[in-house]
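Work through these exercises with the structure open beside you. Each task is followed by a stepwise solution.

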Amino acid sequence: MTDEKELRYDPAAIELKWQARWAAEPALYAAEPATCGKPKYYVLEMLPYPSGQLHMGHVRLYSIGDALARHMWMRGYNVLHPMGWDAFGLPAENAAIKNNVPPREWTLSNIAAMKRQFMRLGMGFDWDAEVTTCFPDYYRWNQWFFLRMYERGLAYRKKSKVNWCPECCTVMANEQVIDGRCWRHEDTIVEQRDLVQWFFRITAYAEELLEGLEALDGWPEKVRTMQRNWIGRSEGTEVDFFLAEKDDQGLGTRDQGTGTEELGIGNREQGTDRQRIRVFTTRVDTIFGATSVQLAPQHALVAAFTASDPRLKAEVDELIEQQKKAREAGDLGAIEKHGVATGRFAVNPYNGERVPIWVANYILADYGTGAIMSVPAHDERDFEFASKYGLPIVQVIRPENETPAVVLPYLSEDGVLMNSGEFDRLSCERAQRVLAEMAAREGFGKATVTFRLKDWGVSRQRYWGTPIPMIHCERDGLVQVPDDQLPVLLPEQIEITQQGGSPLARVPEFVNTTCPKCGGPAKRETDTMDTFVDSSWYFYRYTDAKNSKAPFDSAVVKYWFPIDQYIGGVEHAILHLIYSRFWTRVMRDLGLVEEDEPVRRMFTQGMVVKDGAKMSKSKGNIVSPDDMVARFGADAARMYSLFAAPPDRDLDWQDDGVAGVSRFLGRVWRLGTKYAPMARTARGQRPEAPSGTSLKLLRKLHQTIAKITLDFEGRWHFNTCVAAIMELVNEIQSADVQLAAGEISAPVMLELLRSLVLLLAPFAPHLAAELWEQLGEQGSLLRAPWPVSDAELAREDELEIPVQINGKLVTVIRVAADANVMTIQAAALGEAKVQARTAGKTVVKVIVVPGKLVNLVLHPSDKDPSRGASVVK
RNA sequence: GCGGAAGUGGUGAAAUGGCAAACACACUAGCCUUAGGAGCUAGCGCCCAAAAGGCUUGCGGGUUCAAGUCCCGCCUUCCGCACCA
């Protein structure tokens, strides 16, 4: 009885055995040098934040990547499959405040814990290439890049309105604000503050980042669309409206007081004395229909108007308040339009017409010029606003071949101009070009391109991040930290509190320094960098992680890049993936890398949910990977996460499903251990030409190999790959009587089991390794060649072909696989059921698709008898 | 509002325009027993007591010998964008 007990599948015993061996042989999963002569394959999964615990989303992500990596190893590639830690960030500081643990200590112990989890899951990572972003040997290169960018004007400082999260006590980039809330704190409304901040000039690459998307055909369309929208390129025209002279003002305007003339809005470039209001429009063809100019409440000219007009100021403040409320509600789009007339007028440069200047709450200060011309007849928003405030609505576009009587607002650009003086009858498209050219010629505007993308604000008033390597000297101003003084180290001993401002500012030993230029006393910059800086280039560092002279060796990068396959969550479609593309271009311009794009193929895997809902503490529906591994084993947890859904879809986690996969692995285990001793006696022998059960099983095997190989090459339906392996095992098992009767020779059994183990290796690496050993194999499974499907063996010699009448299934016939059309047709027509149904009817057409089906089309007047019967009833 | 993805059994799902529901989970019945989160056998879309038969891929049209799959219109869910001038 004990021998049967030994047949129990004990995943923990098997997995721990192999994990110990793998740990003792790190070269197994290590990339080889470029000189190894093999083709390279770089498979990368997004690196985790070291929160202390892997979650099921991680298990799924890394199960996908590890399966791919293992497959590519077996295909003979030199695989780089690295792992690291996105180790800077706020949670470490919050933990420090809460538990009084230094951020570094907290982070490192989390990393240790998660690394143990990775080991226990049997992930095949190249730990030699491990990158930990909070280590000085990594972040010094953040600083180095910062300086290079500063030298090129790509890093700069400006005072600006910034998003401030009161919970994080720091600012954040636009990309990190979601519906007016912090991306980390869904319940925390982001405030606007005026601060001097460091920025990266990502807008300098806006055009290129947009164009580059076209070539990224290995990326999900969804991600490309999201980036396109985020960059938000918009072609239009900037036009200067002239500010009407005060004594030009018509009746009914308010007395404005004095003092607006000092303001330099728009007149610097043109060098004229007349005040200008520059507006941006995509529809300059409608400019003869402009009946007002609308300013954002934050527009500089508004401040000038309100300076001497407390009543107006109060009204403008109210508009600002409305915007703030809407932003807090997370829906700026739904704000009710309000505006206030300033009493001032602007002159349309095309026709000299005076239009009133308003301030409105729906005008965005930070898009375009913060000012628009309002054309109610041809813009929905302007129409709504003009209707509300009784502003004139002047139609200037009409459909070319119809009467001008159209419903306003008429938004189509498919039309011609009217009420537009000499430009009447020009098409909209033509007029846009002509009017923009005129503006440029006359010096009151130009065709221009506006982007929604803003420069990347990278300053953070936090401790646990990369110090910005700049020094403020009273004499020399801003001074770079010299390269030979890098890294600027984060001080270790520091008190973290929830006070505002940078914690580093309260560390005198850090702040006080000497100016590299004059040697006098100076102060360090105390802002640290956004952690998205770390993740913008970490995958380059993996290729040369220990380099102390440079961020990496360009020659090594040249070998490994671009990344062949990047895998991660779609939630990083905008943030990380756009920053990374920007960073690669900066490095290209620095001469460090050759390519424009770091990632050739991108894959976004679906979320892991439970009962249809995202796993979260508050819902209490968290499934712990440790628990899964303890109950069912790493192989079962991994294989289930590939089996339960295709990788791009959301996966609903069901513990019963994992149990099912575990039971399946148990069957494989019993099958393997039962027949391995017999199979291994055949090592070195060639199998004879198979027949009977052998042929049947080998055929199924080779069909399975073909299917799985094809999926790895692109389709990635790993769920059906696992199902195919299950089918194969089921078929072998259901032939158990024949196996026991010795109908299958040892060489055939060896091929069956060997191939089965190879197919299983990417999905259940521990069990595969164990059975591999039991089959008498010495070397690592990873170095064993992936099986090749023998098309001849895989081919069926007899097929079941459905026979339909008028598209309805009637019966199924068996024919030789290579039967020709005539043979199949004769067989189908000869079937008793077919004859019964066609008796007395006219078969007008016979469709025979060899290998697929037969369809008999009856004359329409001949009703199928069975249908006729049901009609009577 | 705009853009994208999806909608198939009790559940997760499968299906180059060619037998809808593979592979699993759950469930039902039986067997076995070392009583295990074990193993084995059989059943399992819906209607009909059963068989025969009929029906079935969100809804409605269309193309086709043939539609879950392609086209048009609608509904629902999820995701992204959303006064971007």
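## Exercise 1: A strand and its partners

Gln-294 stands opposite Trp-358 in β14. The model is a predicted one.

**Task.** Work out which way the residues of β12 point, and how β12 pairs with β14 and β15.

**Solution.**
1. Start with the general rule. Side chains in a regular strand alternate between the two faces of the sheet.
2. Apply it to β12. Ser-292 and Gln-294 point one way, while Val-293 and Leu-295 point the other way. All four are buried.
3. Take the β14 side. β12 and β14 run parallel and are joined by three bridges. Gln-294 faces Trp-358 here.
4. Take the β15 side. This pairing is antiparallel, over four bridges. Val-293 stands opposite Met-373 in β15.

## Exercise 2: One side of a helix

**Task.** Find the buried residues of helix α12 (residues 380–389) and explain why they lie on the same side.

**Solution.**
1. List the buried residues of α12: Asp-382, Phe-385 and Ala-386. Buried means under 20% relative accessible area.
2. Check their directions. They cover an arc of only 95° around the axis, so they sit on the same side of α12.
3. Recall the helix geometry. An α-helix has 3.6 residues a turn, so residues three or four places apart point the same way.
4. Look at what they pack against: β12, β13 (339–347), β14 and β15.
5. Step past the end of the helix. Just after α12, Gly-390 has a positive phi of about 70°.

## Exercise 3: A lysine in a loop

**Task.** Place Lys-38, classify its exposure and list its contacts.

**Solution.**
1. Lys-38 lies in the loop between α2 (11–24) and β1 (40–45).
2. Its relative accessibility is 30%, so Lys-38 counts as partly exposed.
3. Leave out residues up to four places away in sequence. Lys-38 then touches Glu-32, Gly-76, Tyr-77, Asn-78 and Tyr-559.
4. Compare sequence with space. Lys-38 and Val-79 are 41 residues apart in sequence, and 9.3 Å apart from C-alpha to C-alpha.

## Exercise 4: The largest cavity

**Task.** Describe the largest cavity and its lining.

**Solution.**
1. Count the cavities of 30 Å³ or more: there are three.
2. Give the volume. The largest cavity has about 190 Å³.
3. Count the lining: 19 residues. Nearest the centre lie Leu-90, Arg-184, Arg-460, Asp-530 and Thr-531.
4. Name the elements giving two or more residues to this lining: α4 (90–99), β6 (170–172) and β25 (528–529). β6 gives the most, with three residues.
5. Sort the lining by class: eight nonpolar, six polar and five charged residues.

Definitions and conventions: Residues are numbered from 1 along each chain as its sequence is written. Chains are lettered from A and ligands numbered from 1 in the order in which they are written. This is a predicted model: local features need pLDDT of at least 70, side-chain atom pairs count only at pLDDT 80 or more; totals for chains, interfaces and linings use all residues. Side-chain values use heavy atoms; hydrogens and water are left out. On a 1 Å grid over the protein atoms alone, a cavity is a set of points where a 1.4 Å probe fits but cannot get out, and a pocket is an open set with protein on both sides within 12 Å along at least five of seven lines; lining residues have an atom within 4 Å of a point. Grid points are joined across faces, edges and corners, and a volume is the space filled by probe spheres set on the points. Ala, Val, Leu, Ile, Met, Phe, Trp, Tyr, Cys and Pro count as nonpolar, Asp, Glu, Lys and Arg as charged, and the others, Gly among them, as polar. Buried means under 20% relative accessible area, exposed over 50%, partly exposed in between (1.4 Å probe, protein chains only). The arc is that of the directions from the helix axis to the C-beta atoms. Contact means heavy atoms within 4.5 Å. Two strands pair if DSSP finds at least two bridges between them.
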